[in-house]
Amino acid sequence: MRTSGFLLSTNRETPADAELAGYRLMLRAGLVRRLAAGMHAWLPLGLRVLRKAENLIREEMDRIGAQEVLVPAIQPAELWLESGRWEQFGPELLRLRDRHNREFCLAPAHEEAITGLVRHEIKSYRQLPASFYQIQTVFRDEIRPRSGMLRARESLVKTACSFHRDPVSMRQTYDTMLQTYSRIFTGLGLEFLVAVADNRVVSGGASHEFHVPADAGEDTVAVCSRCRYAANAESAPALPPIGRRPLPGAAMETVETPDQRSIDEVSRYLGTVPHRMLKTLLVRGSGGIIALVLRGDHEVNAIKAEKLPLVAKPLVFVTPEEVRMAAGCSAGSVGPVGLDIPVIADESAIRLADFICGANQDGAHLRNVNWGRDLPEPLVADIRNVVEGDPCPRSDGRTAACDGQLHLQRSIEVGQVFELGTRYSAALGATCLDESGNTAAMTMGCYEIGISRTLAAAAEQHHDAGGIAWPQAIAPFTVCVVPVGLHRSGRVRAAAERLYSDLSDAGIEVLLDDRDERPGVMFADMDLIGITHRVVLGERSLDQGTVEYRSRRTGETRDIPLAEIVPTLRALLGS
């Protein structure tokens, strides 16, 4: 390809409304253009990157025997009513009617459509296991699209569903998909983490997320410093402190704390630290109001709390009026002593002695409070978010636990695999006959990769001041040839054309920059769009029989004999 016949729409200006560095560079490089809030058009350069990612994903999915299908992006309401997600999705589900007043939606996911397709095609256990995937647009009507292409309304997603006669077969495919996804993200040139995730909404079965570490990420992953255990911070277990709770050391007393409401305010006022205090949160329970008690420096984890039988789902904090009715004070003064409601304390909170907590009267707190002496022992559960430095929760089955510590890493989720069980197959009637001739719902797994999101994550992870440094597998072109003085020197033109032809004949994707531009402009553009290998030639280098080679990823620059540049590039590409 030649730049003279290619839409190269680079931009020197930094877009004012683009928050993230990688997204700004995608706009400046002419990869995408914002069409509306959360919706983007792909220009030829960006589409080349997108298609390369798609093809790599297809190769790996085909390699494990998954079969590609394609279902419509606009889907009938009946499917979503059957699955129960027509109302569950709420306003994120974009609903529309056709000329016959029939309801449809612009699909935010494709489990319903794939299951609805398969239920008519698979009739017997002899056809199982079977996996089907597609690459298709999803649309979620986000109220505030942000972070460029990371939280967009329209995205390109690879969705796969597997169908099985039993959970054992499904688990085998699940493990295969885990390995396949690891090969995919490795092949795309990304640094990634495989994190344990929560799957309570769908089936309660296993789930793993694939995350690209990036400061711009909206997710947080807890990673062990020693064994590389990783989990979404929302799902990571928080181990209780080691050792027994100390014995009481002083008598409980009431202290005045006028106008001090938050943990930080009270701790400063009383000359203590937040982790020596307890905070009490009142939430709705299955039979009334429930008190959740945590250490002052910890935050409640909604996912963990919602798993408790006494806690209503979703987790909802009670109103200020309800707080006063239950505790006789405002929220900032609530404590567990004397509460006539169920109390659930976090593992770390139960290990404190001589702690400070609210006195259930405004402007007052209790000091030197002790469980079992000043108030009953509560129900105990892990209900907090993990924090930096928490012990790793992994056990290898031989020792108590890994002795590493958790580090919290900002990240971008790019893929997820999860066990569906019979959540969709039972609802949508995806059944087959078993060995005994009985009809049973097929067991399912689901496996997704956000393709456009993955490319946005790659731009966030791989860029520098000059632009995007694409991993080789997804760079829009493999090599760019930049001839200096092309329009002034017939010798340079002839050499550039010959090199362009030789690279093309060798099967190497090459972009020849044949514009009449200054060398600095051409170099800056090639760095901006992120082509992995750059070859520069001009009168001076031809006099010496060499070309200048530069690696975009490493910055390495060296002179290579012109006659050796094609085999050198082939060696670098492993071809």
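This report covers the side-chain contacts of a predicted model: aromatic pairs, charges over rings, salt bridges and cysteines.

**Aromatic pairs**

A pair of aromatic rings is described by the distance of the centres and the angle of the planes. The count of such pairs here is nine. Take Y181 and F185. Their ring centres lie 6.3 Å apart, and their planes meet at 80°, so the pair is edge-to-face. The cut-off for that class is over 60 degrees. Both residues belong to helix α6, which spans residues 167-187. They are four residues apart there, so about one helical turn separates them. Y181 is buried, and F185 is buried too.

F192 and F210 make another aromatic pair, and this one is tilted. The centres are 6.2 Å apart, with 35° between the planes. F192 lies in the loop between α6 and β9 (193-196), while F210 is in strand β10, residues 207-213. The pair therefore ties together parts that are 18 residues apart in sequence. Are the two rings buried or exposed? F192 is partly exposed, at a relative accessible area of 22%. F210 is buried, at 0%. Together, Y181, F185, F192 and F210 form one aromatic cluster.

**Charges over rings**

Two arginines place their charged ends over phenylalanine rings. R48 sits over the ring of F477, with its charged end 4.0 Å from the ring centre. R534 does so with F523, at 4.4 Å from the centre. R534 appears again among the salt bridges.

**Salt bridges**

The model holds 43 salt bridges. The table lists some of them, including the bridge of R534.

| Acidic side chain | Basic side chain | N to O distance |
|---|---|---|
| D382 | K304 | 3.0 Å |
| D374 | R373 | 2.9 Å |
| D527 | R534 | 3.9 Å |

The bridge between D382 and K304 links distant parts of the chain, 78 residues apart. D382 is in the loop between β19 (379-381) and β20 (406-421). K304 is in helix α8, residues 302-306. Which of these partners is buried? K304 is, with a relative accessible area of 9%. D382 is partly exposed, with 22%. The cut-off for buried is under 20% relative accessible area, so D382 falls outside that class.

D374 bridges to R373. R373 counts as partly exposed, with a relative accessibility of 39%.

D527 and R534 are both buried. Their bridge has an N to O distance of 3.9 Å, and the cut-off for a salt bridge is within 4 Å. The two residues also belong to a network of salt bridges that links D464, D527, R534, E548, R550 and R552. R534 thus combines a place in this network with a charged end over the ring of F523.

**Cysteines**

A disulfide is a covalent bond between the sulfur atoms of two cysteines. How many disulfides does the structure hold? The count is zero. Why is C357 unpaired? The closest cysteine sulfur to that of C357 belongs to C329, and at 11 Å it is too far for a bond. The cut-off is within 2.5 Å. C357 is buried, at 0% relative accessibility.

C432 is in no disulfide either. The nearest cysteine sulfur to it is that of C161, 15 Å away. C432 counts as buried, with a relative accessibility of 6%.

How values were computed: Residues numbered from 1 in each chain as written. Predicted model: local features only at pLDDT ≥ 70, side-chain atom pairs only at ≥ 80, totals over all residues. Heavy atoms only, no water. Phe/Tyr/Trp six-rings, centres within 6.5 Å; stacked < 30°, edge-to-face > 60°. Helix = DSSP H or I, 4+ residues; strand = E, 2+ residues; numbered from the N terminus. Buried < 20%, exposed > 50% of the residue type's maximum accessible area, 1.4 Å probe, protein only. Lys NZ or Arg CZ within 6 Å of the ring centre and 35° of its normal.
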